[in-house]
Amino acid sequence: MSTPGPEHDWTDGHVERWLPVLPGLDPDIEGATTRVKVLTDHLRRVRERALADFDLHKHEYDTLHTLAGRGGHAAPSELAADLQMAPASITGRLDALERRGYVRRGPAPGDRRRVDVELTEEGRAVWLGAMDVVGHEEYRLLGVLDAEERRTLSDLLRRVLIQAER
């Protein structure tokens with residue numbers, strides 16, 4: 001009994017179309033880079049839909065995500081640095097998020113001269129809601145791999161990204 005070959009995806013057709021045009025094309029490199037792009041585009045669309053469903057703009061989500069990653073508290077200058085923004089630019093973002101009830105600003109504990117930004121329960125809920133949609137899709141997609149395969153994929157991508165970061 002023969003084992004069926006792997007299923008074909010859109011990228012297989014893409015590579016097959018380009019091989020006669022570019023005879024030196026490495027189908028594995030083209031296949032891998034195209035699949036990474038297609039996967040990234042898919043996850044971006046899922047995130048955009050999730051943000052729309054939760055009435056969030058990307059920059060609002062990014063700010064809430066960054067604040068949550070700091071334990072729900074941070075100085076505006078810390079958020080600006082994490083978001084790679086000019087410190088003066090964060091004020092408008094925080095104003096809008098505060099009007100929506102997603103963050104609150106007040107004196108920092110231990111240093112009343114410093115401002116502290118705090119993620120509110122409503123802000124945490126909307127951030128988690130949007131993040132859960134994206135996370136669910138990531139788990140759905142990578143769930144076709146077992147734990148060892150996921151680790152191998154992550155390790156291989158790390159090696160590629162280390163080269164890209166050089």
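**Salt bridges, a small sheet and a nonpolar patch**

The side chain of Glu60 makes a polar contact with the side chain of Arg100, at 3.0 Å (a polar contact being a pair of N or O atoms within 3.5 Å; within protein, one must be able to donate a hydrogen and the other to accept it, and residues adjacent in sequence count only if both atoms are side-chain atoms). This comes from a predicted model, in which local features need pLDDT of at least 70 and side-chain atom pairs count only at pLDDT 80 or more, while totals for chains, interfaces and linings use all residues. Residues are numbered from 1 along each chain as its sequence is written, and side-chain values use heavy atoms, with hydrogens and water left out.

Glu60 and Arg100 also meet in a salt bridge, again at 3.0 Å from N to O (a salt bridge is a side-chain nitrogen of Lys or Arg within 4 Å of a carboxyl oxygen of Asp or Glu). The pair links distant parts of the chain, with Glu60 in helix H3 and Arg100 in the loop between H5 and S2, 40 residues apart. Helices (H or I, at least four residues) and strands (E, at least two) are DSSP runs, numbered from the N terminus. Glu60 has a relative accessible area of 6%, so it counts as buried, whereas Arg100, at 26%, is partly exposed. The cut-offs here are under 20% relative accessible area for buried and over 50% for exposed, with partly exposed in between (1.4 Å probe, protein chains only).

Arg100 has another acidic partner: its side chain meets that of Asp55 in a salt bridge of 3.1 Å, N to O. Arg100 sits in the loop between helix H5 (90-99) and S2, and Asp55 in the loop between helix H2 (27-53) and H3, so this pair ties together parts that are 45 residues apart in sequence. Asp55 is exposed, with a relative accessible area of 54%. Its backbone is worth a look too, as phi of Asp55 is near 55°, a positive value in a residue other than glycine. Gln84 does something similar, with a positive phi of about 55° although it is not a glycine. Gln84 lies in the loop between helix H4 (76-82) and H5, and at 76% relative accessible area it is exposed.

Back to helix H3 itself. The helix covers residues 58-69, twelve in number, and reaches 16 Å from its first C-alpha to its last, close to the 16 Å expected at 1.5 Å a residue (the expected span is 1.5 Å times one less than the number of residues). Along with Glu60, the buried residues of H3 include Tyr61, Leu64 and Leu67. Just after H3, Gly71 takes a positive phi of about 80°.

Next comes the sheet, which is open and has three strands in the order S1-S3-S2, with antiparallel pairing. Strands S1 (73-74) and S2 (103-108) stand at the edges with a single partner strand each, so one side of each is left without a neighbour in the sheet. Two strands pair if DSSP finds at least two bridges between them. S1 is joined to strand S3 (residues 111-119) by two bridges, and S2 pairs with S3 over six. In the hairpin of S2 and S3, two residues lie between the strands, and Gly110 takes a positive phi near 90°.

Glu118 of S3 turns up on both sides of this arrangement. It is the bridge partner of His73 and also of Arg104. Glu118 and Arg104 form a salt bridge as well, with the closest N and O atoms 3.5 Å apart. Glu118 lies in strand S3 and Arg104 in strand S2, so the pair ties together parts that are 14 residues apart in sequence. Both residues are partly exposed, Glu118 at 25% relative accessibility and Arg104 at 43%.

The structure holds 16 salt bridges. Lys37, Asp41, Arg44 and Glu48 are linked in a network of them.

Finally, the surface. Val36, Leu142, Leu153 and Leu157 make a nonpolar patch of about 290 Å². Patches are made of residues with over 30% relative accessible area and no salt bridge, with like charges joined within 9 Å and nonpolar side chains (Val, Leu, Ile, Met, Phe, Trp, Tyr) within 5 Å. Accessible areas come from the Shrake-Rupley method with a 1.4 Å probe; for residues, only the protein chains shown count as cover. Leu153 has its place in helix H7 (residues 147-165) and, at 33% relative accessibility, counts as partly exposed.
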